Amino acid sequence: MTKRTIRVALAGAGSCASSFVQAVAASALTRDEAQAGVMYESIGGYHLSDLTFVAAFEADANKIGRELADALRQRPTVAVQHVQVPDTGVLVRPGPALDGIAGRLAGVVDVAPAAQTTTVEDVTAELRRTAADVLVCFLPTGATDAVRAYARACAAAGTAFVNATPEAVANDDGLAALFEDSGVPLLGDDLRSHLGATTLHTALLDLLIGRGLTVKDTYQLNVGGNTDFLNLSDPARSASKQVSKRRALTNAGIDATDVAAGPNGYVKHLGDRKVCFLRIEAENIIGAPVAMEVRLEVEDSPNAAAVVANAVRVAKAAADRELAGVIDPVCAFLFKSPREGMSEPQALAGFRAFVTAVRSEPGDAHVPLPFTASVDDQSLVRTA
C-alpha cells in the first residue's frame, strides 16, 4: 500500500514555523509513541509524521535562498531548538512582501528585492510545481494584503489554506466564496494557542457561566519577546488581533465590547515566552462577589504548533473528501475568530465529531456538511 502523505507549504519561516517543523521532525523519530500536545495520533488517516515540507516563502533577505531547516534558525526567529531538524530539501523562496513587513518589524527584517516583485501568480506556480496539499500562513498580524495574496494563490493552485493570522480570510465573504467555487478547503481565522491566554480565558468564562454566575468584568493582558509581540507593540498593526480576541470572548458568552484583551507589550528578554495575566470578576447568588486572577506562562511558538498539527491534517482530510470552502465545524475549536462562533464545549464537540467522521477511507463515506455536534455524545447532527 502506498504511503499517504501531506505535502505542506509555509508562508513565513519564523518562530511558529520553526516549532511546527520541529514537531513534525520529532514525530518522525517517535511514530509509535504518543507525543505530548498531539490530541489525535491520526486524523483522516494521517499521522503527524506523514507530513512532508515541499515549499516555503519569505520576505526576509536573510532567509530566502537558505535550506528551510537552516532558515528557521536565523534571526530574528527566537523559537527554542528542542529538536534537531534534518535538511528538508526545500529552499526558501521569495514571497510577495506587500504589507507583510511594516512598523517595528521593518527595523529587524531586511526585505529582499525579489519579494518586492513576487506576484500571486508566482506563488500559484510554485504551489502547483510542488503539488502542495496545504499551505499554512504564518505571516505577521496586520499583513492584510499579503495574507490575502497567499489565499488567492492557494485557491488558484488547489491548495488548502490554513490562516494562522487574524486577517480576515474565512471571515471575508468574497474569499470564502472563492475557495468554495474553486473546490478548495479553507480554515481560519487567527489560530488559537493549544493552551494559551484565549483558550484559558474562554474556558474559565464557560465555567462561571455554566454555574449560573454573572460575569461583571474581565481583562486579559499579554507580554512576550518574539517578533509577534514586537510587531503587535505597534497599535497600527495590532488592530485585527484586538478584534479577534474580543470576538473569541463574545463567543464565550459575554459582552466583550469594552474588554481589554490582547498583546500589551514587547519584552525582549522573554524571547519566545509569553506571560498572560487574567482577571475575572463575577456575581454569585444575592450579589455575592467572586473574583479570580491567573498568571499563565507558556513557550509561545510550540503552543501554536500543537494546533497547526491538527489543522493541517483536518485540511487534507477535508480535501480528500472533496469538501470545499470554510470547514466551519472545526474552525471554532482551532481558531480565535471563526466564521461561526461557539462556546468551548460546543467547539471541542464539533472538532471531535469531524475527526470521528473522517476515520474511514475517503471513498467509503461522505462527511455531511454543514453539521454540528452534540456536546453530550459528539454525534453528527445535520443542520441543513
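This note reviews the salt bridges, the internal and open spaces, and one surface patch of a predicted model.

1. Salt bridges overall. The predicted structure contains 16 salt bridges. Side chains of opposite charge can pair when their charged atoms come close. The points that follow take up individual pairs and one network.

2. The pair Asp-190 and Lys-241. These two side chains meet in a salt bridge, with an N to O distance of 3.0 Å. Asp-190 belongs to the loop between strand E6 (185-187) and helix H7 (197-210), while Lys-241 belongs to helix H9 (residues 235-251), so the bridge ties together parts that lie 51 residues apart in sequence. Asp-190 has a relative accessible area of 1% and is therefore buried. Lys-241, with a relative accessible area of 9%, is likewise classed as buried, the cut-off for that class being under 20%.

3. The pair Lys-274 and Asp-300. A salt bridge joins Lys-274 to Asp-300, and their closest N and O atoms are 3.6 Å apart. Lys-274 sits in strand E9 and Asp-300 in helix H10 (residues 300-320), so this contact links parts separated by 26 residues in sequence. Both ends of the bridge are buried: Lys-274 has 10% relative accessibility, and Asp-300 has 8%.

4. The pair Glu-281 and Arg-279, and a network. Glu-281 forms a salt bridge with Arg-279, the closest N and O atoms being 2.8 Å apart. The relative accessible area of Glu-281 is 33%, so this residue counts as partly exposed. In addition, Arg-4, Lys-316 and Asp-320 are joined into one network by salt bridges that share partners.

5. The largest pocket. This pocket holds about 330 Å³ of space. Its lining comprises 18 residues, of which Ala-23, Gln-35, Ala-36, Pro-302 and Ala-305 are the closest to the pocket centre. Helix H1 (15-29) and H10 are the elements that give two or more residues to this lining. H10 supplies the largest share, namely five residues. By class, the lining of the largest pocket has eleven nonpolar and seven polar residues, and no charged ones. Helix H10 thus appears twice in this note, as the element that contains Asp-300 and as a contributor to the pocket lining.

6. Cavities. Rolling a probe the size of a water molecule over the atoms shows where empty space is left. Three cavities of 30 Å³ or more are found in the structure. The second largest cavity has about 60 Å³ of space. Arg-192, Thr-202, Ala-248, Asn-251, Ala-252, Ala-332, Phe-335, Lys-336, Pro-338, Met-342, Ser-343 and Glu-344 line this cavity. Its lining residues divide into six nonpolar, three polar and three charged.

7. A nonpolar surface patch. Tyr-219, Leu-221 and Phe-277 form a nonpolar patch on the surface, and together they have about 230 Å² of accessible area. Phe-277 is located in strand E9 (residues 273-283). At 38% relative accessibility, Phe-277 is classed as partly exposed. Strand E9 also contains Lys-274, which counts as buried at 10% relative accessibility.

Key:
Residues are numbered from 1 along each chain as its sequence is written. This is a predicted model: local features need pLDDT of at least 70, side-chain atom pairs count only at pLDDT 80 or more; totals for chains, interfaces and linings use all residues. Side-chain values use heavy atoms; hydrogens and water are left out. Patches are made of residues with over 30% relative accessible area and no salt bridge: like charges are joined within 9 Å, nonpolar side chains (Val, Leu, Ile, Met, Phe, Trp, Tyr) within 5 Å. Accessible areas come from the Shrake-Rupley method with a 1.4 Å probe; for residues, only the protein chains shown count as cover. A salt bridge is a side-chain nitrogen of Lys or Arg within 4 Å of a carboxyl oxygen of Asp or Glu. Helices (H or I, at least four residues) and strands (E, at least two) are DSSP runs, numbered from the N terminus. Buried means under 20% relative accessible area, exposed over 50%, partly exposed in between (1.4 Å probe, protein chains only). On a 1 Å grid over the protein atoms alone, a cavity is a set of points where a 1.4 Å probe fits but cannot get out, and a pocket is an open set with protein on both sides within 12 Å along at least five of seven lines; lining residues have an atom within 4 Å of a point. Grid points are joined across faces, edges and corners, and a volume is the space filled by probe spheres set on the points. Ala, Val, Leu, Ile, Met, Phe, Trp, Tyr, Cys and Pro count as nonpolar, Asp, Glu, Lys and Arg as charged, and the others, Gly among them, as polar.
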